[in-house]
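This report introduces a protein model to a reader who has not met it before. Please keep the sequence and the structure in view while reading.

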Amino acid sequence: MKVTLERTELLKSLTHVHRVVERRNTIPILSNVMLQAEGGNLKLKATDLDLEVVESIAAMVETPGGTTVPAHMIYEIVRKLPDGSQVVLETSGDDSTMEIRAGRSRFALQILPVTDFPDLTAGEFSHSFTMTAGGIRKLINSTQFAISTEETRYYLNGIYMHSLDIGEGLRFRAVATDGHRLAQAELEAPEGSEGMPGIIVPRKTVGEIQKLLDDPEVEIKVEISETKIRFTIGDIILTSKLIDGTFPDYERVIPKGNDKELRVDRDAFKEAVDRVSTIASDRGRAVKMSLSEGKIVLTVTNPDSGSATEEVAVEYDNEEFEIGFNSKYLLDIAAQLEADSALFTLADSGSPTLVRDEGSDEALYVLMPMRV
């Protein structure tokens with residue numbers, strides 16, 4: 001194999017694919033990126049057996065062929081080459097090394113045969129539709145923070161995506177929860193998503209998709225089966241296994257009878273919570289909200305370092321009561337809100353609270369209270 005291409009294009013593509021490769025691998029071939037040169041293209045592929053990223057870039061192919069080289073090593077080499085340089089990739093006659101040349105730089109990397117490289121065989125996809133990058137990003141950004149990191153509850157380690165008819169038409173919904181908070185976002189369902197299976201997209205896949213969504217206007221092809229999901233973003237194809245588990249009945253968690261409404265300026269509330277939580281300990285991040293007519297008082301008490309209080313003006317004209325929340329969870333939710341005003345719907349100090357943008361039903365958040 002011998003191929004010449006622009007350093008900028010090669011680096012951009014390696015940036016996309018090398019992130020999939022785990023740094024510690026017991027299977028040597030999984031530490032490598034596959035390079036396949038044919039026609040006027042160089043195809044790069046990397047996988048961790050659960051997630052696979054493939055990208056094709058334009059290149060001058062003198063000798064077609066394929067090989068695999070250590071992914072993080074080639075990425076670091078190309079990253080450090082001079083900007084604007086032409087890079088030559090050439091395998092040796094005995095197929096034991098690949099030479100990388102650019103200007104006066106020469107590197108020789110150990111290679112493994114391309115025939116050993118695994119293929120994440122996709123199989124048949126039952127549903128196919130297109131969504132804008134902006135739409136997918138909105139669903140991910142609104143829910144990603146609530147994905148559980150608890151490995152024992154593996155079915156919560158991703159975003160649950162499904163389409164459903166809510167009477168006003170078909171909606172495409174994303175939900176994530178870790179048992180302490182729940183995030184739900186939805187858009188008008190794209191044509192072709194009707195009757196799709198409910199799927200759980202793993203946390204790592206969600207993170208990789210997010211990094212590939214540069215232009216919000218770009219149309220992205222999404223293909224879904226019972227076990228896999230595939231995203232085609234221009235010349236990049238990302239295929240991932242889905243989490244094999246049953247997502248809980250999240251609608252039971254969303255409170256329906258909360259009767260106390262509180263409206264507050266989003267930024268004023270977020271900044272006040274951020275200030276008082278400075279005093280909180282890492283273990284007990286509780287902030288107490290004391291609600292009374294026209295105001296809430298935020299209080300944090302830390303036996304080791306002191307206390308903090310701040311009053312925030314709100315629209316509230318119901319009975320006085322106190323409720324506690326994890327300050328980090330409050331800040332996570334406040335960071336997702338887009339409207340100037342946030343709407344809290346509460347029941348009592350022991351029941352889940354509903355938070356959403358004032359005047360919008362596209363996203364909602366449920367937060368379990370803490371004892372304070």
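The sections below describe the sheets of this predicted model and the helices that pack on them.

**The sheet of 5 strands**

One open sheet contains 5 strands in the order β5-β1-β7-β8-β9, and its pairing is antiparallel. The edges are formed by β5 (60–63) and β9 (105–110); each has a single partner strand, so one side of each is left without a neighbour in the sheet. On average, neighbouring strands here are turned by 20° against each other, direction ignored. Within this sheet, β1 (residues 2–6) and β7 (residues 86–91) are joined antiparallel over 5 bridges, and Val87 in β7 is the bridge partner of Leu5.

Two helices lie across strands of this sheet. Helix α1 (residues 7–18) crosses β1 and β7 and runs at about 95° to β1. Helix α2 (residues 71–80) lies across β8 (97–102) and β9, at about 175° to β9.

**The sheet of 8 strands**

Another open sheet has 8 strands in the order β6-β2-β3-β4-β17-β16-β15-β10, with antiparallel pairing. Its edge strands, β6 (65–70) and β10 (127–132), each pair on one side only. Neighbouring strands of this sheet are turned against each other by 20° on average, direction ignored. Strands β2 (residues 32–38) and β3 (residues 41–47) run antiparallel and are joined by 5 bridges; Leu35 stands opposite Leu44 in β3.

Helix α1 also packs on this sheet, where it touches β2, β3, β4 (51–58) and β17 (236–241), and its direction makes about 170° with that of β4. Helix α3 (residues 133–143) touches β10, β15 (219–224) and β16 (228–233), with its direction at about 90° to that of β10.

**Strand β11 and its partners**

How many of the 8 residues of strand β11 (residues 158–165) are buried? The number is 7, so β11 is largely enclosed by the rest of the structure. Strand β11 pairs antiparallel with β14 (residues 199–202), and Gly158 stands opposite Pro202 in β14. Strand β11 also pairs antiparallel with β12 (residues 170–177), where Ser163 stands opposite Phe172. The hairpin of β11 and β12 has 4 residues between the strands, and in it Gly167 takes a positive phi near 95°.

The table lists the antiparallel strand pairs described in this report.

| Strand pair | Bridges |
|---|---|
| β1 and β7 | 5 bridges |
| β2 and β3 | 5 bridges |
| β11 and β14 | 4 bridges |
| β11 and β12 | 6 bridges |

Technical notes. Residues are numbered from 1 along each chain as its sequence is written. This is a predicted model: local features need pLDDT of at least 70, side-chain atom pairs count only at pLDDT 80 or more; totals for chains, interfaces and linings use all residues. Side-chain values use heavy atoms; hydrogens and water are left out. Two strands pair if DSSP finds at least two bridges between them. Axes are lines fitted to C-alpha atoms, for helices over the stretch in contact, and angles run from 0 to 180 degrees between N-to-C directions. Contact means heavy atoms within 4.5 Å. Buried means under 20% relative accessible area, exposed over 50%, partly exposed in between (1.4 Å probe, protein chains only).
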